[in-house]
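Here is a friendly walk through one protein model, written for reading beside the viewer. Keep the structure open and follow along.

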Amino acid sequence: MASSAGPEIERLIGLLSKLPGMGPRSARRATLALLKKREQLMEPLAQSLAETAAKVRPCSICAAPDTCDPCSICADGGRDKTLICVVEEAGALWAMERVGAYRGRYHVLGGLLSALDGMGPDAIRAGELVQRVEAGGVSEVILALPATVDGQTTAHYLAERLVPSGVAVTSLARGVPVGGELDWLDDGTIAQALRARRPA
């Protein structure tokens, strides 16, 4: 960081550089853009950050961030209460909602099982998921977790925990994306697509 920037600017650059995808250079560029557009960008952003920090809380049912509790999805009477889609973080929930193809409820784990990161069963919201299912009214739990070692480990653990409930446990299909060409795909994606093939 430039030592001539002043402590306030250096602190802003330092904080911005901690955001995902933001390194020191990107943080400096973002800081300069904010300073150049103080009234149009910096002041509204500061106000929005303060309001968000003060008002947004995790939903007591699904743990999705919202300004109301229960969140707007859990409170929506038009959604299918028999379906629960399990996601790692709120970003995956937002991606599912952006598509608009799912009309059930959600459960945000807040992480994945990972021995390396010290994330055991008590560090994710697995117990809360089991309680929701055991309370009744749920017919299917959809595991929408990443196709990584930690994601698959977590999915297997959750499926095992849900066996006694008798609820159907499914996972998202994986394979060739819409518009994808085989010669551009990695070997793992092609292998998974072959395993998940269905009648044409």
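Leaving aside its neighbours within four places in sequence, which residues is Leu158 in contact with? They are Val86, Leu109, Ala126, Leu129, Leu143 and Leu145, where contact means heavy atoms within 4.5 Å.

A word on how to read the rest. This is a predicted model, in which local features need pLDDT of at least 70 and side-chain atom pairs count only at pLDDT 80 or more, while totals for chains, interfaces and linings use all residues. Residues are numbered from 1 along each chain as its sequence is written, and side-chain values use heavy atoms, with hydrogens and water left out.

**The nonpolar cores**

Leu158 also appears in the largest nonpolar core, which has 18 residues. Together with Val86, Leu129, Val133, Val141, Leu145 and Leu162, Leu158 touches the most other members. A nonpolar core here is a set of buried Ala, Val, Leu, Ile, Met, Phe, Trp, Tyr and Cys residues joined through side-chain atoms within 4.5 Å. Buried means under 20% relative accessible area, exposed over 50%, and partly exposed in between (1.4 Å probe, protein chains only). Two or more residues of this core come from each of strand E3 (80–87), helix H5 (126–134), strand E5 (140–143) and helix H6 (149–162). Helices (H or I, at least four residues) and strands (E, at least two) are DSSP runs, numbered from the N terminus. H5 provides the largest share of the core, 4 residues. A second, separate core of 16 residues includes Ala64, Ile73, Val87 and Tyr102. In soluble globular proteins, nonpolar side chains tend to be buried together.

**Two helices with a buried face**

In H5, the buried residues are Ala126, Leu129, Val130, Arg132 and Val133. They cover an arc of only 160 degrees around the axis, which puts them on the same side of H5; the arc is that of the directions from the helix axis to the C-beta atoms. Gln131 and Glu134 are exposed on the other side of H5. The buried residues of H5 pack against E3, E4, E5 and H6. Just after H5, Gly136 takes a positive phi of about 100 degrees.

Helix H1 (residues 7–16) has Ile13, Gly14 and Leu16 as its buried residues. Seen down the axis of H1, these residues fall within an arc of 170 degrees, so they line one face of the helix. Pro7, Glu8 and Arg11 are exposed on the face of H1 turned away from that buried side. The packing partner of the buried residues of H1 is helix H2 (24–36).

**The largest pocket**

Leu16 of H1 also belongs to the lining of the largest pocket, along with Leu12, Leu15, Leu19, Leu34, Met42, Leu45, Ala46 and Leu49. On a 1 Å grid over the protein atoms alone, a pocket is an open set of points where a 1.4 Å probe fits, with protein on both sides within 12 Å along at least five of seven lines; lining residues have an atom within 4 Å of a point. The volume of this pocket is about 220 Å³, taken as the space filled by probe spheres set on the points. H3 (38–55) and H1 each supply at least two lining residues, and H3 gives the most, with 4 residues. The lining divides into 9 nonpolar, no polar and no charged residues.

**Individual residues to look up**

Strand E4 holds Arg105, which is in contact with Ile73, Cys74, Asp76, Arg79, Asp80, Lys81, Leu83, Ile84, Cys85 and Arg132, leaving aside neighbours within four places in sequence. Ser114 sits in the loop between strand E4 (104–108) and H5, and with the same kind of neighbours left aside, Ser114 is in contact with Met119 and Asp150. Ala92 is in helix H4 (residues 90–99).

| Residue | Relative accessible area | Class |
|---|---|---|
| Arg105 | 10% | buried |
| Ser114 | 7% | buried |
| Ala63 | 18% | buried |
| Ala92 | 30% | partly exposed |

Ala63, in the loop between strand E1 (57–58) and E2, has a phi near 75 degrees, a positive value in a residue other than glycine. In the loop between strand E2 (65–66) and E3 lies Pro70, and a cis peptide bond with omega about 5 degrees joins Asp69 and Pro70.

Some C-alpha separations help with orientation. Ala92 and Leu145 are 53 residues apart in sequence and 8.5 Å apart in space. For Ser114 and Pro7, the values are 107 residues and 38 Å.

Conventions
Nonpolar A, V, L, I, M, F, W, Y, C, P; charged D, E, K, R; others polar.
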